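Biologist: Could you take me through the charged side-chain pairs here, one at a time, and say where each partner sits?

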Amino acid sequence: AKTMPFSNISVKISGGVSIALTIARNDSTEIFKQWILQHSVNDSSELPSEKFLMDAIGLALLPGKHTMKILAFDVNNSHRTDSLFFELKIPDFPFDKIAMSEIELCSNIIEATSEQEKLSPFFKGKNLVYPNPNEMYGENMPVLFYYVECYNLLHNASLQNYTLVTSVFNTIKEEIIHKEKNKFRSVNDAVEIGTVNISRLKSGSYTFVITYRDSLTSAQTARKFFVYNPSQGMDSAMVNINTTTTNEYEIMSNEA
């Protein structure tokens, strides 16, 4: 008997999430987009117990209040579904004074080195900017990366230099991290990226603040984030916090 030949074809295991995004204003749909976020592995041994998938999409919206709805379901099982619905406020940035964007909290920021990387949905400017959507740092992510944009730097600029201050405050507004960086004013709109080492922060809720400052004017932007550092214990400022106004992370036990 002859041996039957077999071709060496690898078959990947594939999963995916179908996402439908709707943005409306005054009950009128402005944008509707639908796409599939896929993930594949070579075989079942590579399947993780849980997998966080991220995607990014850029949309142009007018300043003002909008509503956003996101519906997602498993492409292999339509009964596995979830949705989000929330208000989306687009700021109207001024053109006649210094202004700052919201802070994007990130898990990593690296320079893109290939044309393929520049096609990534996370490519921004010259970097790959990977967001951290759950805003949680600590034991498994000891470094907070951030991305922020500064606008109108050359408007009425009589000074060449300015200062960017990065601060971290705890729940009772004590400043526990403070860094200053002197910058040279060369372009009207500038990107600022950087890191904050939070490995020594205790578990709790914090506010990250970036302040633009020169002798004539100032601007500020802020973003809340959370730390889970069981080896450092719980931040004592959390003990008397009003749990009716806190995020779910703030009142969880270390085990949770």
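**Salt bridges in the predicted model**

Modeller: In this predicted model, Arg 223 and Glu 135 form a salt bridge whose closest N and O atoms are 2.8 Å apart. Arg 223 belongs to strand β15 (residues 218-228), while Glu 135 sits in the loop between β8 (127-131) and β9 (136-138), and the pair thus links distant parts of the chain, 88 residues apart.

Biologist: Is Glu 135 buried or exposed?

Modeller: Buried means under 20% relative accessible area, with partly exposed lying between that and 50%. Arg 223, at 28% relative accessibility, counts as partly exposed. Glu 135 has a relative accessible area of 17%, so this residue is buried.

Biologist: Which residue forms a salt bridge with Glu 104?

Modeller: Glu 104 lies in strand β6 (residues 104-111) and its partner in strand β7 (residues 123-124), so the pair ties together parts that are 20 residues apart in sequence. The partner is partly exposed, with a relative accessible area of 30%. The closest N and O atoms of the pair are 2.6 Å apart, and the partner is Lys 124.

Biologist: What is the N to O distance in the salt bridge of Lys 118 and Glu 115?

Modeller: Lys 118 is partly exposed, at 38% relative accessible area, whereas Glu 115 is exposed, at 58%. Their side chains meet in a salt bridge with an N to O distance of 3.5 Å.

Biologist: How many salt bridges does the structure hold?

Modeller: Beyond the pairs discussed above, Lys 181, Lys 183 and Glu 192 are linked in a network of salt bridges. For the structure, the number of salt bridges is 8.

Terms used: Residues numbered from 1 in each chain as written. Predicted model: local features only at pLDDT ≥ 70, side-chain atom pairs only at ≥ 80, totals over all residues. Heavy atoms only, no water. Salt bridge = Lys/Arg side-chain N within 4 Å of Asp/Glu carboxyl O. Helix = DSSP H or I, 4+ residues; strand = E, 2+ residues; numbered from the N terminus. Buried < 20%, exposed > 50% of the residue type's maximum accessible area, 1.4 Å probe, protein only.
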